[in-house]
Amino acid sequence: MNNILYAAHECDIAIIGGGLAGLSSALTVAVNSNASVILVDGAIGSNRSLPLTFSDTIQQFGLEGSILERYHGFALRTRNDNYSLHMYDDTPLVSLDYSAASRQLYTRLQEYPTFTQLSAQAVRLDRIPTGWRICLQNKSIVTSNLLIDASGRAHFTARQLGHPTPPMYSHCYGRIFSNCHAPVGEESVALFLAGNPRHGNGGGWFYPLGGQRASFGFARLTNSSQFPAKECQQGFEYALQDFSPYAEILQDAIPEDIHVGSIPIGPVKRLVYDGLMLVGDAAGQATPWACMGAEPALVNGQLCGRVAVRTFREQDFSRSRLLDYERMWKTRNGRGFRQAVMLADLEWQRGEAVWDYSVNKFDQMSGSEMLHFLRHNTPHFSLPLIWWLLVYDRLGLIRRSLRDRLNRSLISMKLKLGDS
Ligand SMILES: Cc1cc2nc3c(=O)[nH]c(=O)nc-3n(C[C@H](O)[C@H](O)[C@H](O)COP(=O)(O)OP(=O)(O)OC[C@H]3O[C@@H](n4cnc5c(N)ncnc54)[C@H](O)[C@@H]3O)c2cc1C
């Protein structure tokens, strides 16, 4: 009985994952071709994120209906109360109801007869001569010529096929609060909070959500996809006690929902293989400094969908044809991401003094420069400068470890002399 297969589905393009990346890819294919598409996901838009993102992109994708709050300002604040503030005439940043945005895209997709959604988890993947054979948890089977992996941090195909996963993860832990009053003048400002060892080296956030609600939390950066639940929760609790002024503001606020999860950052080396494309968090496409993945999921989903349509028309799903997608992504993002990966350890371990200095530098940027920086994670450094920074950092580590060893041996010598 257990071995019975319930249904076999055939399609041109299968998509694993119904987050913004998978839905954006599916919609692009549905609008621009008659390719049959099957999207596999147990829970559309299940990512427990409430992303801060860019209003022009949300408008471009027709998702204004899922905006929670619009921001006239963006600020970066350190624990020592240094901060950079940029105010705008319009509202370039918004917080998004992720599930609602996903449902909006899904509703549009349902108008296309070429689109099917299967509510199940994909559990196994096999290469077959015509493409792929995907086994689902409900024992159905999907076969397709082309597969788009938009499974987010689950990295379905990487785990099934033994491909590399992204090198770093930002593990976020926060809460939505009600009965919360943003400081006067900050009601419409989205804030990034600088990282520190006590609260989280990945930094934090405070986004007013309107109606006296706000989202507050911190993140930890690690090389592992394992969510460090204890450390994240503890860092958040500490921040709630002493990251001023938000600790005081949230003192009497009422905790509602948890805002938690991991964002893969730093792209995988290959975005395409024969018959396979990776997009969104599955490909580590969230920006490497600000860890913003909603816009990349939508935009790269569209890019991936366009290349999928072209290869469907040509009936050529080889890696060499799919490479157009990887090349386009690299042209737009390759340099900044490469540098970020090289400098990641330095970036995420920077001390508070460096944050205070950086915030002062950010304050000197114009509003549009700040937005550009937030979106593209510029500036770009030259390779010699990156090597110089890395060597300088390494020398600092060596110097500190020698000094510590010397101190330890001096102390033990003193103790021995004392004993004798
Ligand atoms: C707590 C938190 C805060 C964040 N804050 C921000 C922010 O402020 N700004 C910003 O821009 N971004 C933010 N992000 C990141 C952003 O949400 C993601 O980068 C973005 O949602 C990625 O979209 P995606 O479609 O690639 O992945 P996801 O939205 O994760 O979608 C993946 C989908 O794949 C499905 N799936 C996984 N495995 C399988 C399987 N085996 N079979 C079938 N389906 C499967 C899942 O159910 C899920 O629906 C945040 C993320 C988190 C977790």
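**Exercise 1.** Which residues point one way from strand E7 (residues 93-96), and which the other way?

*Solution.* Start with the model: it is predicted, with local features needing pLDDT of at least 70 and side-chain atom pairs counting only at pLDDT 80 or more, while totals for chains, interfaces and linings use all residues. Residues are numbered from 1 along each chain as its sequence is written. Strands (E, at least two residues) and helices (H or I, at least four) are DSSP runs, numbered from the N terminus. Now look along E7: Leu-93 and Ser-95 face one way, Val-94 and Leu-96 the other. All are buried (20 or more other C-beta atoms within 10 Å of a residue's own, C-beta atoms being placed from the backbone).

**Exercise 2.** Find the pairing partners of E7.

*Solution.* Strands pair if DSSP finds at least two bridges between them. First, E3 (52-54) runs antiparallel to E7, joined by three bridges; here Phe-54 has Leu-93 as its bridge partner. Next, strand E4 (residues 67-71) pairs with E7 in the antiparallel sense over four bridges, and Glu-69 stands opposite Ser-95.

**Exercise 3.** Describe the shell around the ligand.

*Solution.* Begin with the 40 residues around the ligand (C-beta atom, placed from the backbone, within 6 Å of it): Gly-19, Gly-152, Gly-261, Gly-280 and Gly-293 come nearest. Then sort the shell by type: 19 nonpolar, 16 polar and five charged. Gly counts as polar here. Finally, ask where the residues come from. E3 returns as a supplier of at least two, as do helix H1 (20-32), strand E16 (254-265) and helix H7 (294-314). E16 gives the largest share, four residues.

Terms used:
A residue is buried if 20 or more other C-beta atoms lie within 10 Å of its own, exposed if 12 or fewer, and partly exposed in between; C-beta atoms are placed from the backbone.
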